[in-house]
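Subject: Structure handover

Hi,

Here is the structure I promised to pass on to you. Have a look at it first, and then read on for what turned up.

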Amino acid sequence: MEQVQLNSNVFSLLEDKIKMIKKGSEAIYLVGPIKLPVNLDGKTVEFKWYSWLKSENATEDFQRVINQLSSANLADYQQSSVLVYGDFEYDEDALIRMHSICHTGDIFGSKRCDCGYQLKQSMKMITEHGTGALFYLANHEGRGIGLFSKAIAYILQENGFDTVEANEELGFADDSRNYDDAIEVLKALRSKPVTLITNNPKKLKALKAAGLPVSGRTPLWGDISEYNKKYLQTKVKKSGHMG
Ligand SMILES: [Zn+2]
């Protein structure tokens, strides 16, 4: 495969912005921080943005990693990222949100779930708190079943199945999300404990078990409507969520 040979001047601009997080023979390449001014309710707030890429062959040769990008068709896959706010490395108190991608809720503003609301609200909570990070997890669509399967599951939901039943009918576990890479990235950015924004004590427990240094939990409810009432009730009844 033909590869681009990166100009050494260009590489010198990039090498300090890439960090390798090694996990056995695998690696996570973390790139950033990148300044990201964001419009939050008409106010411009500046976040530090990082994205990451998982590789099965860890190499310290970042020039090679970059050279391979143009032929890797990365747009066909999903990459996750994190918005960091404040003095994230050193502040005693930091709010964390692990947000699962929701194409319909986050992008289209669908009222079938509360994801779009939770995304914006957690960004506001983090900036108001002063320090924190929002992880946007791109392989978590539909609790890890993918966008196409989510569309199929929505058809079942239109025919009387709840969100958990629909996923189970299609052969999926109720929740197939994995947070391992996000936890590794968090640990690379901060070693002090964090407060997790979530309504789900089970998620808090699972993340603790996976090595996340959590000191507590803060809930996030809102935007309840006729369209997502049943979905939110199912979260409470079947998936262990609480206010
Ligand atoms: Zn959603």
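Let me start at one end of the sheet: strand S7 (residues 194-197) runs parallel to S8, and the two are joined over 4 bridges. Within that pairing, Leu196 has Arg217 of S8 as its bridge partner. Please keep in mind throughout that this is a predicted model.

Helix H4 packs on the sheet, where it touches S2, S3, S4, S5, strand S6 (132-137), S7 and S8. The direction of H4 makes about 160° with that of S5.

Now for the sheet as a whole. It is open and built from 8 strands, in the order S1-S2-S3-S4-S6-S5-S7-S8, with mixed pairing. At the edges you will find strand S1 (18-23) and strand S8 (214-218), each of which pairs on one side only. On average, neighbouring strands of the sheet are turned by 25° against each other, direction ignored.

A second helix to look at is H8 (residues 180-189), which lies across S1, S2, S3, S4, S5, S6 and S7. H8 runs at about 125° to S1.

Moving along the sheet, strand S2 (residues 26-40) and strand S3 (residues 43-55) are antiparallel partners over 12 bridges. Asn39, for example, is bridged to Thr44 in S3. These two strands form a hairpin with 2 residues between them, and Asp41 in the turn has a positive phi of about 55°. S3 also pairs with strand S4 (residues 81-85), again in the antiparallel sense, over 4 bridges. There, the bridge partner of Tyr50 is Val82 in S4.

Then there is the metal site. Which protein atoms are the donors of the zinc ion? They are the SG atoms of Cys102, Cys113 and Cys115, lying 2.2 to 2.3 Å from the zinc ion. Along the chain, these donors follow the spacing C-x10-C-x1-C. The pair Cys102 and Cys115 links distant parts of the chain, 13 residues apart: Cys102 sits in the loop between strand S5 (95-100) and helix H3 (103-107), whereas Cys115 belongs to helix H4 (residues 115-129).

Are these two cysteines buried or exposed? Cys102 has a relative accessible area of 3%, so it counts as buried, given that the cut-off for buried is under 20%. Cys115 is buried as well, with a relative accessible area of 12%. Cys115 also brings us back to where we began, as its helix, H4, is the one that packs on the sheet.

Best wishes

Technical notes: Residues are numbered from 1 along each chain as its sequence is written. This is a predicted model: local features need pLDDT of at least 70, side-chain atom pairs count only at pLDDT 80 or more; totals for chains, interfaces and linings use all residues. Side-chain values use heavy atoms; hydrogens and water are left out. Two strands pair if DSSP finds at least two bridges between them. Donors are N, O and S atoms within 2.8 Å of the metal (3.2 Å for Na, K and Ca); water is not among the atoms, so sites may look incomplete. Buried means under 20% relative accessible area, exposed over 50%, partly exposed in between (1.4 Å probe, protein chains only). Axes are lines fitted to C-alpha atoms, for helices over the stretch in contact, and angles run from 0 to 180 degrees between N-to-C directions. Contact means heavy atoms within 4.5 Å.
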